[in-house]
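Please open the model in your viewer and set it to a cartoon representation, with side chains hidden for the moment. The tour below proceeds by selection, one stop at a time.

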Amino acid sequence: QETINKIAAGEVIERPSSVVKELVENAIDAGATAVTIEIKDGGISFIRITDNGSGISKDDIPMAFLRHSTSKIKSIEDLMNVSSLGFRGEALSSIAAVSQVELITKTADDFTGSRYVIEGGNEISLEEVGAPDGTTFIVRNLFYNTPVRRKFLKTAATEAGYVNALIEHLSLSHPDISFRFINNNQNKLHTSGNMNLKDIIYGVYGRDITSNLMEISGKTQDVEITGFIGKPVICRGNRGYENYYINGRYIKSSIITKAIEEAYKGYIMPHNYPFTAIHFKINPSIMDVNVHPTKMELRFSKNEFVYRFVLETVKECLANRELAARVK
Ligand code: ADP
Ligand code: MG
């Protein structure tokens with residue numbers, strides 16, 4: 001079992017940013033409105049995620065660390081209608097298999113909280129402690145027991161950069177949640193949880209991008225689009241500024257990427273890749289998210305329909321801007 005968990009961990013947990021991603025997604029699934037992420041040494045030696053979500057009762061803790069244990073899916077039908085971020089029940093078991101985890105958590109219904117320690121997949125202790133409502137995960141010494149994998153990590157600065165990029169995406173995908181990111185005791189990013197998307201774009205990208213945005217929106221059966229796209233003049237030489245979120249998840253779909261880029265063709269612009277910060281709301285019943293353990297590629301049962309709608313909506317937004325410019 002321990003070996004299986006270690007191998008499985010390799011699919012889900014590649015680097016510190018994968019740990020942060022899984023733990024923050026769990027916090028969001030638990031209804032948190034504020035999440036603090038703290039790392040040291042690029043997250044290799046220390047990651048702490050604190051949320052004010054539902055918490056976990058003492059009796060449920062050991063279960064949560066079992067492979068394929070999830071409280072989010074009860075049947076095959078649920079699997080087809082996945083709307084929460086996590087659903088495979090692999091993250092906690094995988095993280096615990098390759099690091100030293102300390103969990104402090106309390107539900108609103110319980111009088112006391114719990115503290116649980118698990119290292120390399122071995123339970124060390126479970127005891128009652130005083131704690132505020134919510135959950136804190138501390139993950140220390142990632143890959144301490146799998147030295148080969150540890151060798152694949154980049155420098156602390158590079159790993160911290162990956163975590164930073166992830167937190168930017170999390171902030172952009174959830175303007176309604178307050179995020180705080182602290183790297184080596186330095187405040188790196190803070191969103192208040194009641195900012196609009198444009199404020200967050202400003203916080204992450206600054207004035208040059210924010211002053212060249214157009215608001216985009218569209219709605220059809222099963223698909224809704226809101227957010228901002230950049231004018232053609234701020235197009236880039238790579239896809240690094242193409243942000244979009246599907247049902248609150250930072251996830252890539254080649255269909256959507258192609259549709260967005262196609263819409264920009266025909267405009268005179270310095271580079272091929274636009275800036276976007278788009279939120280898609282897509283009916284889960286037309287999505288297939290269960291394609292890879294990290295859940296990063298996504299398919300639709302109506303690929304052609306989704307492609308057309310995204311293409312037309314982005315095109316229309318760009319065309320309206322042309323119109324506005326001519327009227328002026
Ligand atoms: P999944 O998210 O796919 O269900 P995980 O391994 O990530 O699987 O988490 C296992 C379970 O632990 C979750 O289903 C949830 O019940 C519980 N859990 C994990 N993190 C939190 C959290 N921050 N707050 C409340 N419950 C949590
Ligand atoms: Mg999860």
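What follows is a walk through a predicted model, beginning with the whole chain and ending at a single residue.

**The whole protein**

With everything displayed, you are looking at a protein that has 11 helices and 15 strands. Of its 328 residues, 37% are buried. If you consider the contacts with a separation of 6 or more, 68% of them come from residues 24 or more positions apart.

**The eight-stranded sheet**

Next, select the open sheet, which eight strands form in the order β5-β4-β3-β6-β2-β1-β7-β8, with mixed pairing. Which strands stand at the edges? They are β5 (122-129) and β8 (186-190), and because each has a single partner strand, one side of each is left without a neighbour in the sheet. As you step across the sheet, the twist averages 10° from one strand to the next.

**Strand β6 and its two partners**

Now select residues 134-140, which are strand β6; five of its seven residues are buried, so that the strand is mostly covered. Strands of a sheet pair through backbone hydrogen bonds, in either the parallel or the antiparallel sense, and it is worth displaying the backbone atoms here. Add residues 100-106, strand β3, and you will find that β3 and β6 pair in the antiparallel sense over seven bridges; to see one position in that region, pick T105, which stands opposite T135 in β6. Then add residues 46-51, strand β2, which runs antiparallel to β6 and is joined to it by six bridges; here T50 stands opposite T136 in β6.

**On to strand β1**

From β2, continue to residues 34-40, which make up strand β1; six bridges join β1 to β2, and the two run antiparallel. A convenient place to look is I39, which stands opposite I47 in β2.

**Two helices on the sheet**

Keep the strands displayed and add the helices α2 and α7. Helix α2 lies across β1, β2 and β6, and runs at about 10° to β2. Helix α7 packs on the sheet as well, touching β1, β7 (178-183) and β8, with a direction that makes about 170° with that of β7.

**Where the helices meet**

Hide the sheet and keep only residues 16-29 (α2) and 156-173 (α7), whose axes come within 8 Å and cross at roughly 25°. Angles under 35 degrees count as roughly parallel, and α2 and α7 are therefore roughly parallel to each other. Their crossing is right-handed. Which residues of α2 meet α7? Show the side chains of P16, S17, V20, K21 and V24 in α2, which meet E159, Y162, V163, L166 and L170 in α7. Sorted by class, this contact has seven nonpolar, one polar and two charged residues.

**A last stop at I282**

Finally, restore the full model and select I282, which is found in strand β13 (residues 276-282). Is I282 buried, exposed or partly exposed? It is partly exposed, with 19 other C-beta atoms within 10 Å, whereas a residue is called buried if 20 or more lie within that distance. Leaving aside residues up to four places away in sequence, I282 touches D222, V223, I246, N247 and M287. To close, draw a distance from the C-alpha of I282 to that of K315, a residue 33 positions away in sequence, and the two are 19 Å apart in space.

Definitions and conventions: Residues are numbered from 1 along each chain as its sequence is written. Chains are lettered from A and ligands numbered from 1 in the order in which they are written. This is a predicted model: local features need pLDDT of at least 70, side-chain atom pairs count only at pLDDT 80 or more; totals for chains, interfaces and linings use all residues. Axes are lines fitted to C-alpha atoms, for helices over the stretch in contact, and angles run from 0 to 180 degrees between N-to-C directions. Helices (H or I, at least four residues) and strands (E, at least two) are DSSP runs, numbered from the N terminus. Angles under 35 degrees count as roughly parallel, over 145 as roughly antiparallel, 65 to 115 as roughly perpendicular and the rest as oblique. A crossing is left-handed if the near helix is turned anticlockwise from the far one by less than a right angle, and right-handed if clockwise. Two residues are in contact if their C-beta atoms, placed from the backbone, lie within 7 Å. Ala, Val, Leu, Ile, Met, Phe, Trp, Tyr, Cys and Pro count as nonpolar, Asp, Glu, Lys and Arg as charged, and the others, Gly among them, as polar. A residue is buried if 20 or more other C-beta atoms lie within 10 Å of its own, exposed if 12 or fewer, and partly exposed in between; C-beta atoms are placed from the backbone. Two strands pair if DSSP finds at least two bridges between them.
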